[in-house]
Amino acid sequence: QAQIAESGGGLVQPGGSLRLSCAGSGFYFKYTAANWYRQVPGKEREWLAFITISGDNTQYADSVRGRFTISRDNSREEVYLQMSKLETDDTAVYYCNAVSPSLWGQGTQVTVSA
């Protein structure tokens, strides 16, 4: 079965860093472009970052540009989101998305708290 799964979430202080991972199984994740999203309860899911199949091009939302970096290791079938200078407003459930086939992970909680 084609699946993706996020990991790496947790509790971090403002100004800290976390690295999220998204692992694919049951399909060739390395042949699929990917996105990261996040969602806060009661609010619309927010797009954060995009990466091409080869990783040669990336795009970012204004809210995270300069602080977050999307990358991938195709030999491991994984996509990453390196988050730095975290703020309390970054608290959310973070989701990984494969473009084709269209897949979503279960999400991983990131809590930024002083």
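Glycine 42 takes a positive phi near 85° in the hairpin of β4 and β5. That hairpin leaves 6 residues between its strands. The model is predicted. In the hairpin formed by β5 and β6, glycine 55 sits in the turn with a positive phi of about 85°. Here, too, 6 residues lie between the strands.

**Strand pairing**

Strand β4 covers residues 34-39 and β5 covers residues 46-51. The two run antiparallel. β5 also runs antiparallel to β6, which spans residues 58-60. β4 has a further antiparallel partner in β9, residues 92-98. The table gives the bridge counts, with one residue pair for each pairing.

| Strands | Sense | Bridges | One residue pair |
|---|---|---|---|
| β4 and β5 | antiparallel | 5 bridges | tyrosine 37 and tryptophan 47 |
| β5 and β6 | antiparallel | 3 bridges | phenylalanine 50 and glutamine 59 |
| β4 and β9 | antiparallel | 6 bridges | glutamine 39 and valine 93 |

β4 thus pairs with β5 and with β9. β5 pairs with β4 and with β6. Another opposed pair links β4 and β5: alanine 34 faces isoleucine 51. β4 is mostly covered, with 5 of its 6 residues buried.

**Glutamate 77**

Glutamate 77 lies outside these strands, in the loop between β7 (68-73) and β8 (78-83). Is the residue buried or exposed? Glutamate 77 is buried, yet it has no salt bridge. The nearest side chain of opposite charge belongs to lysine 30, 4.3 Å away. A salt bridge requires the side-chain nitrogen to be within 4 Å of a carboxyl oxygen, so lysine 30 at 4.3 Å does not qualify.

Which backbone atom lies 2.8 Å from a polar atom of the glutamate 77 side chain? It is the backbone nitrogen of phenylalanine 29. Phenylalanine 29 is also among the residues that glutamate 77 touches, leaving aside those up to four places away in sequence. The others are Cys22, Ala23, Gly24, Phe27, Tyr28 and Lys30. Lys30 therefore touches glutamate 77 without forming a salt bridge with it.

Key. Residues are numbered from 1 along each chain as its sequence is written. This is a predicted model: local features need pLDDT of at least 70, side-chain atom pairs count only at pLDDT 80 or more; totals for chains, interfaces and linings use all residues. Side-chain values use heavy atoms; hydrogens and water are left out. Helices (H or I, at least four residues) and strands (E, at least two) are DSSP runs, numbered from the N terminus. Buried means under 20% relative accessible area, exposed over 50%, partly exposed in between (1.4 Å probe, protein chains only). Lys and Arg count as positive and Asp and Glu as negative; His and the chain ends are not counted. A polar contact is a pair of N or O atoms within 3.5 Å; within protein, one must be able to donate a hydrogen and the other to accept it, and residues adjacent in sequence count only if both atoms are side-chain atoms. Contact means heavy atoms within 4.5 Å. Two strands pair if DSSP finds at least two bridges between them.
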